[in-house]
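User: I'm new to reading protein models. Could you walk me through this one, feature by feature?

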Amino acid sequence: MERWLLTFLLGAILSLFLPTVPELFLIIAILIVAVILLFFNNFRFISGLLLGAAFIWWHAHNHFSVLKTNNLEGIEFFNQVIELEGNITTLVNNDAIDKRFTFNVQSINTKPLATPFNVRLTWYRNAPFLAQGQRVRVQTRLKPAHGLANPGSFSYQRWLLSNAIVAKGYVYNDERQSFAKVNSNASWSQRILENLKLKVEDSDIKPLILALTLGYRQEFEPEHWQVLQNTGTAHLMAISGLHLGIVATLGYWLGRIGLLLMPVNLFYQRWLFFMPVVSSLLFALTYAQLSNFSTPTMRAMIMLVLFWLMRTSHGKVDALRWCLYGMFVVVLFRPFSLISTSFWLSFCALISILVLVFWARRLQSSGFMAKAWLFIKLQLSLSLVLTPVNLLLFGQSPLLPWLANVWILPWFSLIIMPMLLLMTIFCLFSPTLTQGLIELSTWQLTFIWKQLTLLSELPFSIVYSSNIVLLLAFFGAIFFLAYNVGYSPKFRAQLLGIYAVVALVFSAYQWPLNEGGNRRGWIINVLDVGHGLSVVVEHNNKALIYDTGASSPGGQSIAKSVVHPFLRAQGLLQPDFLVVSHSDNDHAGGLPYLLDHTVPKRLIVNATALQLSKLAQRKPDGEHDDKKSVMHAPTPCQRSSTWQWQQLTITALWPETFRWQENEDSCVLLISDGIHNLLLTGDVPASVEAKLIPQLNGISIDVLIAPHHGSKSSSSQKFIDAIRPKHVIFSTGYLNRWNMPSNTVTSRYQKVGAKLHNTADSGMIKVTVIDGQIHVSYYRQHIAPLWFYNQFATLAGDESSLKTLQRVGRSNNYR
């Protein structure tokens, strides 16, 4: 049975590595073959593989075809205002200016749906009081569930799918909008949240209390996330397996106490001895309900139920069987958990803990001090084992989680969590007792948070991923496990030899890519930033950044979520050039953040230090350092200015004067290696294009970043005929409201034979110029050709994108 479960899970994992989900008839055929093979012992493992893959594809097909199932018209459905009626399923932050929540749609335009589905909505400003559990009717505009696609950054697309969200959008908010609360009953969790918000004083600790009691983390500030990431304690500040385990253990021991208080005449009833187990499950179930059975909570609940089933039926729990059954049941209930990083991190942590506990049992330990020292060694070992997992999943790993967990875990388990649980129970019934528990909890969490902050500020608190770091981390983890689980010295030596060979082969493969390859060529990365622009040019592991993407008043910044993670993943946090074309937010919004978090050697921008200081005020309070933002002496971008950057020549073609206030003032750069040429145009209109034509006479443009995202106000026919670009890249938002790039503009480029590329469809676009050739690759189709990144096209009825995925696959595009 265990082998079959392993093959099923392997098949489910392998099903993720296709660019598109197979057609329905093929999925059904695979299911039939798998069921037939299930009756043949010699082919049963193949049956598991096929069943696992077909199971995931079946659910993916149902997810992406939900609009067709409800007779909704693809792209037309997303191009109009529609009325949705349904239930709010997540906690809502009513203190926020813009309220975000998940909405389960039950009917559209008063027509009930055959298959309800989830959407993610944002209500911008002037929203009424909203609560989890309410049934409401709202006017909305939707888009398919879509996210930006770039290396090194958080995948919102994957998060949406892992939560079974089909579309995202906003509430259409004007005077004519009809809004109605069909059912205004708020959930218990929302009531507790609103109550605690009133009782807990505003401070850095308030978000921690809300997260620990309800799994509510919408009030976390960037500083909170930074401290938790640097100390490896993010798992403590949410309703997760750890907290559910603590609550279940508390329920078990309370059940044991209740058992001892039973009358003697009932004491010998067999069913009575299940009271601690039932109490444990009820406590855990109640606590899980507070988080609305989020995916991590549901996963932990499944593992707990399986544990007690095995414990009560067999008397003992086989760790391997428990893990396999747990993963199997989780995949059955939440198939898209497989694409969630939390799924892999939690099960890797669980398996590591089980292995380490097996190792600990071999050690002789008696007395309190010996057991305390053993606990410390277990935390050290767990940190070592999980370091490569963190590096793979997040590109970074904390180095000191053991130092935090070794004293926080006992404190949380024995004191804080029981106290918070009592506070949650009494908050709606006993204000006096609740206030006392809040004050005690706040005092303890304040002390803990101060220590965590000090740990996070240590210069060696975190390590970032690189080839060498990853190899060393895997070596340390694998060798430690092999050494401590009882393998023979011969096996350890063989394992070390195999690892050394793999490391050498990997290093030999990576060296020419990272060293020799870059010296012979250069790379143009057009990042997927939605409506905006950010281009990173790489040469010899050095970088030039052109524009920084947009930012919003709420603190969201493309530089923070996309550009900086990309630079960190590529090891380019000290760029040679940082260029900002002009002052529009979609080009300059991320400049203050990048000045605070990178060290550019040269800042090219037509702005004074005072203007840069004003730009820094766009960021929320506490996120900028005025001194740091103005310490960079800006270099103007004016026509005829030239910079030599290694083997590349950078020439400024525009503007003529020192300005950056309008599109007409965009800094236009020509970057050349003597053979191939890149033209960066910002948002220049047709009037400026006409002035650029004489300067570009006789220059062949290989790659053009389309002026003004493909707007009709730019890309004039005269300009296109004059430069005749080979490749044109549009940096636009998916299904953007301006309909960029314009069909008129794209047809003009097609007339001169240009190849067109759009970040909205392809994600980040990478252009490699090497050995006289230009190689264009897309993040969605070449770098990460996986259906859960790409299949959003079916929701909009845009089958052309899928055909491109199937045709292109992993092929190269040289010319």
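Analyst: Sure, starting with contacts: a contact means heavy atoms within 4.5 Å. Among contacts in this chain between residues at least 6 apart in sequence, 69% join residues at least 24 apart. One caution: this is a predicted model, where local features need pLDDT of at least 70, side-chain atom pairs count only at pLDDT 80 or more, and totals for chains, interfaces and linings use all residues. Residues are numbered from 1 along each chain as its sequence is written, and side-chain values use heavy atoms, with hydrogens and water left out.

User: How many helices and strands are there in the chain?

Analyst: Both are DSSP runs numbered from the N terminus: helices are H or I with at least four residues, strands E with at least two. The chain has 32 helices and 22 strands.

User: What share of the residues count as buried?

Analyst: Buried means under 20% relative accessible area, exposed over 50%, and partly exposed in between (1.4 Å probe, protein chains only). Of the 815 residues, 52% count as buried.

User: What span should helix α2 have?

Analyst: The expected span is 1.5 Å times one less than the number of residues. For the 14 residues of α2 (residues 24–37) that gives 20 Å, and the end C-alpha atoms are 20 Å apart, which agrees.

User: Which residues of α2 are buried?

Analyst: Here's the general idea: an α-helix has 3.6 residues a turn, so residues three or four places apart point the same way. In α2, the buried ones are Ile 27, Ile 30, Ala 34 and Leu 37. They cover an arc of only 90° around the axis, which puts them on the same side of α2; that arc is taken from the directions from the helix axis to the C-beta atoms. Their cover includes α3 (44–64).

User: And what do the buried residues of α1 pack against?

Analyst: They pack against α3 and α13 (319–333). Among the buried residues of α1 are Trp 4, Phe 8 and Ala 12.

User: Where is Trp 58 found, and is it buried or partly exposed?

Analyst: Trp 58 is in helix α3, and at 34% relative accessibility it counts as partly exposed.

User: Where does Pro 128 lie?

Analyst: Pro 128 sits in the loop between β3 (111–124) and β4 (135–144). With a relative accessible area of 24%, Pro 128 is partly exposed. Pro 128 and Asn 94 are 34 residues apart in sequence, and their C-alpha atoms are 8.4 Å apart in space.
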